[in-house]
Amino acid sequence: TVVRHGARGHLMISWGRGYMVVIRILLVILLACSAAWAAPSITDATGTFTSGQTITITGVDFGSKTTAAPLVWDTIEDGAADTTATTGTWSSVYTGAGLGSIVANTDQKHSGTYSARGDPSDGYARFMKTLGEQSGGARLYGYMWRMRTEALAGTVVNQKLWRLYPDSNKPNTVISTSTNNGVVVCEDCGGTGATIRPYLLEDQWQLEEVEFQLSSAIDQADGVVNYYIDGVQRVNYTSLMSRCTGGDLPITQFVFDNQGGLTGYIYMDDLYLDTTWARVMLGDQPTLAASTHREIQPCATWTEGTPDTITITFNPGSFSSGTAYLFVVDEDGNVSSGYEVTIGAGSSPSTPTITSGGIHGGGIR
């Protein structure tokens with residue numbers, strides 16, 4: 001040890017100690033940011049990967065999901081398009097004459113035996129769930145397979161594909177085809193154009209996913225709308241004002257397929273709704289971003305611990321046997337790397353063979 005005397009020596013020692021303190025502070029900050037932004041990571045998935053079987057997923061940084069099960073999950077496999085869902089219940093389904101006449105049918109289905117068929121020439125075919133008053137910044141996630149027998153690209157009609165609204169009609173946050181290309185808007189509070197019409201195809205099942213984050217307070221344009229068609233993001237709107245002066249009622253309703261004015265049918269299958277972005281997905285590629293075929297995996301339990309553990313009821317949907325990949329998405333939209341599984345087989349190897357990064361905050365992928 002060398003000890004230096006004099007004013008200059010003390011000054012050098014003081015600077016050295018100060019430098020070390022700064023380095024330590026920076027390390028603490030970097031570690032904290034790394035922990036806060038860590039993507040989920042799956043280390044194992046065990047069970048038999050066939051329809052309806054329980055799969056246990058373990059890993060780290062899954063985050064929290066206060067209620068593991070979705071708010072509503074409806075496969076229509078009970079053969080009835082009514083308020084009773086596979087998990088949870090709908091508040092209303094427009095089944096009557098003049099209301100879209102939704103019925104269960106077997107002529108078209110995404111998977112299984114049944115889907116729901118709506119007749120938008122006879123009113124507004126829709127499934128609706130009452131949520132209760134949603135606070136500023138609340139997040140909602142909707143998922144649905146949909147097929148149209150009339151394309152929307154060349155017909156300018158008011159098709160509210162997804163809709164949030166309060167107990168009265170407005171403010172009314174929608175993804176709509178009411179303009180030439182489409183729009184994300186909160187009626188009374190403004191909105192923006194979005195090109196979505198060309199991607200809504202005719203006579204073809206398509207997966208639609210939407211993430212909503214409500215604005216933090218009245219007159220704050222900081223809400224988020226992320227909208228995906230077959231895994232490709234078509235809307236990323238980060239200036240949503242879901243409440244404003246003159247339209248300040250809180251969101252309480254979530255509507256799937258509030259459509260009318262078409263001459264063809266609308267088919268709907270495997271509808272899923274939750275009040276969080278946290279979920280488990282099955283994809284056809286090693287990253288969720290590249291997966292254009294996805295199937296939601298309804299959760300039964302979601303536990304933070306060492307390790308974190310999720311149990312799902314396996315839903316292959318329209319996947320047949322073969323390789324697929326499990327993904328955990330946390331409440332902030334961070335996505336795990338894909339974990340390879342074999343549909344129709346038993347537990348996958350305990351060491352994942354797929355490595356890829358997730359993203360943080362503000363969107364899925």
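# Pockets, sheets and a sulfur link: worked exercises

The lining of the largest pocket splits into 4 nonpolar, 9 polar and 2 charged residues. Keep in mind as you work that this is a predicted model.

## Exercise 1: Two pockets

Find out how much space the largest pocket holds and which residues are closest to its centre.

**Solution.**

Step 1. Start with the volume: the largest pocket has about 250 Å³ of space.

Step 2. Now look at the walls. There are 15 lining residues, and Ser51, Trp73, Thr75, Phe314 and Asn315 are the closest to the centre.

Step 3. Try the second largest pocket too. Its volume is about 190 Å³. Its lining includes Ser64, Lys65, Thr66 and Thr67, and also Asp274, Thr275, Thr276 and Glu331.

Step 4. Sort that second lining by kind: you get 3 nonpolar, 5 polar and 3 charged residues.

## Exercise 2: The sheet with β22

Work out the strand order in the open sheet that contains β22, and say which strands stand at its edges.

**Solution.**

Step 1. Trace the order across the sheet. The 4 strands run β19-β18-β22-β23, with antiparallel pairing.

Step 2. Look for strands with a single partner. These are β19 (294-296) and β23 (339-343), so each of them has one side without a neighbour in the sheet.

Step 3. Check the twist: from one strand to the next, the average is 35°.

Step 4. Walk through the pairs one at a time.

- β18 (residues 279-283) and β19 pair over 3 bridges, and leucine 282 sits opposite glutamate 295 in β19.
- β18 and β22 share 5 bridges, with glycine 283 partnered by tyrosine 325 in β22.
- β22 and β23 are joined by 5 bridges, and alanine 324 faces valine 341 in β23.

Step 5. Is β22 mostly buried or exposed? Of the 8 residues in β22 (residues 322-329), 6 are buried, so the strand is largely enclosed by the rest of the structure.

While you're looking at strands, here's a handy rule: in a regular strand the side chains alternate between the two faces of the sheet.

## Exercise 3: Another open sheet

Do the edge search again, now for the open sheet that contains β1 and β2.

**Solution.**

Step 1. Write down the order. It goes β1-β2-β21-β20, 4 strands with antiparallel pairing.

Step 2. Pick out the edges. β1 (41-46) and β20 (299-303) each have a single partner strand, so one side of each is left without a neighbour in the sheet.

Step 3. Get the angle. Ignoring direction, neighbouring strands here are turned by 20° against each other on average.

Step 4. Zoom in on one pair. β2 (residues 54-60) and β21 (residues 308-313) pair in the antiparallel sense over 6 bridges. Glycine 59 is found opposite aspartate 308 in β21.

Step 5. Finish with a residue of β20's range. Cysteine 299 is buried, with a relative accessible area of 5%.

## Exercise 4: The sulfur link

Which cysteines are joined by a disulfide, and which parts of the chain does the pair tie together?

**Solution.**

Step 1. Count first: the structure has 1 disulfide.

Step 2. Name the partners. Cysteine 189 is joined to cysteine 244, with 2.1 Å from S to S.

Step 3. Find the handedness. The angle about the S-S bond is -80°, and the link is left-handed.

Step 4. Place both ends. Cysteine 189 is in the loop between β11 (183-187) and β12 (190-193), while cysteine 244 is in the loop between β15 (232-240) and β16 (253-259), so the pair ties together parts 55 residues apart in sequence.

Step 5. Check burial: cysteine 189 and cysteine 244 are both buried.

Step 6. Watch out for cysteine 186. It is in no disulfide, and the nearest cysteine sulfur, belonging to cysteine 189, is 3.8 Å away. A disulfide needs sulfur atoms within 2.5 Å, so that cut-off is the one to apply here. Cysteine 186 is buried as well, at 0% relative accessible area.

## Exercise 5: One aspartate

Is aspartate 74 buried or exposed, and where does it lie?

**Solution.**

Step 1. Locate it: aspartate 74 belongs to strand β3 (residues 72-74).

Step 2. Use the cut-off. Buried means under 20% relative accessible area, and aspartate 74 has 1%, so it counts as buried.

Step 3. Compare sequence with space. Aspartate 74 and threonine 84 are 10 residues apart in sequence, and their C-alpha atoms are 8.2 Å apart.

How values were computed: Residues are numbered from 1 along each chain as its sequence is written. This is a predicted model: local features need pLDDT of at least 70, side-chain atom pairs count only at pLDDT 80 or more; totals for chains, interfaces and linings use all residues. Side-chain values use heavy atoms; hydrogens and water are left out. Two strands pair if DSSP finds at least two bridges between them. Helices (H or I, at least four residues) and strands (E, at least two) are DSSP runs, numbered from the N terminus. Axes are lines fitted to C-alpha atoms, for helices over the stretch in contact, and angles run from 0 to 180 degrees between N-to-C directions. Buried means under 20% relative accessible area, exposed over 50%, partly exposed in between (1.4 Å probe, protein chains only). On a 1 Å grid over the protein atoms alone, a cavity is a set of points where a 1.4 Å probe fits but cannot get out, and a pocket is an open set with protein on both sides within 12 Å along at least five of seven lines; lining residues have an atom within 4 Å of a point. Grid points are joined across faces, edges and corners, and a volume is the space filled by probe spheres set on the points. Ala, Val, Leu, Ile, Met, Phe, Trp, Tyr, Cys and Pro count as nonpolar, Asp, Glu, Lys and Arg as charged, and the others, Gly among them, as polar.
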